[in-house]
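Open your viewer and get ready to select a few places one after another. At each stop, you will find a short note on what is there.

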Amino acid sequence: MSSGDFRSRLESAIQRGQKRAQSAADRQRKKELSEDELRRLHTSYRLNLSDRIERAVTGVADHFPGFRQESLFGENGWGTACYRDDLKIDGGRRTNLYSRLEIVIRPFSDAKVLDMKAKGTVANREIFNRSFFADLVDVDEDEFAQLIDTWAIEFAELYASNS
């Protein structure tokens with residue numbers, strides 16, 4: 001091993017250690033946030049992720065004619081849903097088939113977590129009811145965004161296979 005290679009690896013190791021120390025200090029500072037700061041942080045995540053939810057749910061609704069869309073806000077959370085009610089006539093019998101995708105960010109709570117919930121129903125059958133949460137100080141917004149996309153795509157696949 002050349003001394004140049006050693007020196008470069010040594011400097012890289014020192015930089016990684018410094019970054020690790022800075023990350024630990026940042027995490028500690030975040031854990032010491034006040035209630036108001038946590039509320040603001042939750043609101044910021046909610047606004048960003050609500051936009052992502054709307055785009056994902058709208059994307060699903062746009063691919064299946066007949067879906068209607070609604071914005072959700074209030075006690076149960078903020079997000080978007082799309083739904084449709086189909087009429088099926090089989091052997092002279094009339095059946096209504098209801099399908100719905102709903103994804104919401106739940107309101108701020110004493111638990112101090114960012115909580116996301118999704119429900120999917122296809123043809124009157126609940127296909128999933130999921131929840132994902134993380135402490136506000138440890139939220140990885142990309143992880144939440146990936147789950148939004150995953151849940152919307154999963155719903156679309158299951159709806160397509162049942163229609």
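Start by selecting Asn129, which you will find in strand β5, residues 125–135. This is a predicted model, so keep in mind that you are looking at a computed picture.

Is Asn129 buried or exposed? Its relative accessibility is 39%, so Asn129 counts as partly exposed. Now show what surrounds it: apart from neighbours within four places in sequence, Asn129 is in contact with Lys117, Ala118 and Lys119. Zoom in on Lys117, because you can spot a polar contact there: the side chains of Asn129 and Lys117 meet at 2.8 Å.

Next, add His63 to your selection. From C-alpha to C-alpha, His63 and Asn129 are 22 Å apart in space, with their positions 66 residues apart in sequence.

Now move on to helix α3, residues 141–162. Its 22 residues reach 32 Å from the first C-alpha to the last, close to the 32 Å expected at 1.5 Å a residue. Colour these residues of α3, which are the buried ones:

- Phe144, Ala145 and Ile148
- Trp151, Ala152 and Phe155
- Ala156 and Tyr159

Turn the view until you look down the axis of α3. Where do the buried residues fall? They lie within an arc of 130°, so they line one face of the helix. A general rule helps here: an α-helix has 3.6 residues a turn, so residues three or four places apart point the same way.

Pick a second colour for Asp142, Gln146, Ile153, Glu157 and Ser161, exposed residues on the face of α3 turned away from its buried side. Then show the partners of the buried residues: they pack against α2 (35–63), β2 (78–90), β3 (93–105), β4 (113–122) and β5, the strand where you began.

Finally, zoom out to the protein chain. It has three helices and five strands, and from the N terminus the order is α-α-β-β-β-β-β-α. The radius of gyration is 22 Å, well over the 15 Å that the globule rule gives for 163 residues, so the chain is more spread out than a compact globule. Along its principal axes, the C-alpha trace spans about 85 × 45 × 20 Å. Of the 163 residues, 30% count as buried.

For a last look, colour by pLDDT. The chain has a mean of 90, and 94% of its residues reach 70 or more. Confidence is lowest in helix α1 (residues 3–31), with a mean of 79, and highest in β4, at 97.

Methods. Residues are numbered from 1 along each chain as its sequence is written. This is a predicted model: local features need pLDDT of at least 70, side-chain atom pairs count only at pLDDT 80 or more; totals for chains, interfaces and linings use all residues. Side-chain values use heavy atoms; hydrogens and water are left out. Helices (H or I, at least four residues) and strands (E, at least two) are DSSP runs, numbered from the N terminus. Buried means under 20% relative accessible area, exposed over 50%, partly exposed in between (1.4 Å probe, protein chains only). Contact means heavy atoms within 4.5 Å. A polar contact is a pair of N or O atoms within 3.5 Å; within protein, one must be able to donate a hydrogen and the other to accept it, and residues adjacent in sequence count only if both atoms are side-chain atoms. The expected span of a helix is 1.5 Å times one less than its number of residues. The arc is that of the directions from the helix axis to the C-beta atoms. pLDDT is the predictor's confidence in each residue, from 0 to 100. The radius of gyration is taken over C-alpha atoms; the globule rule is 2.2 Å times the number of residues to the power 0.38.
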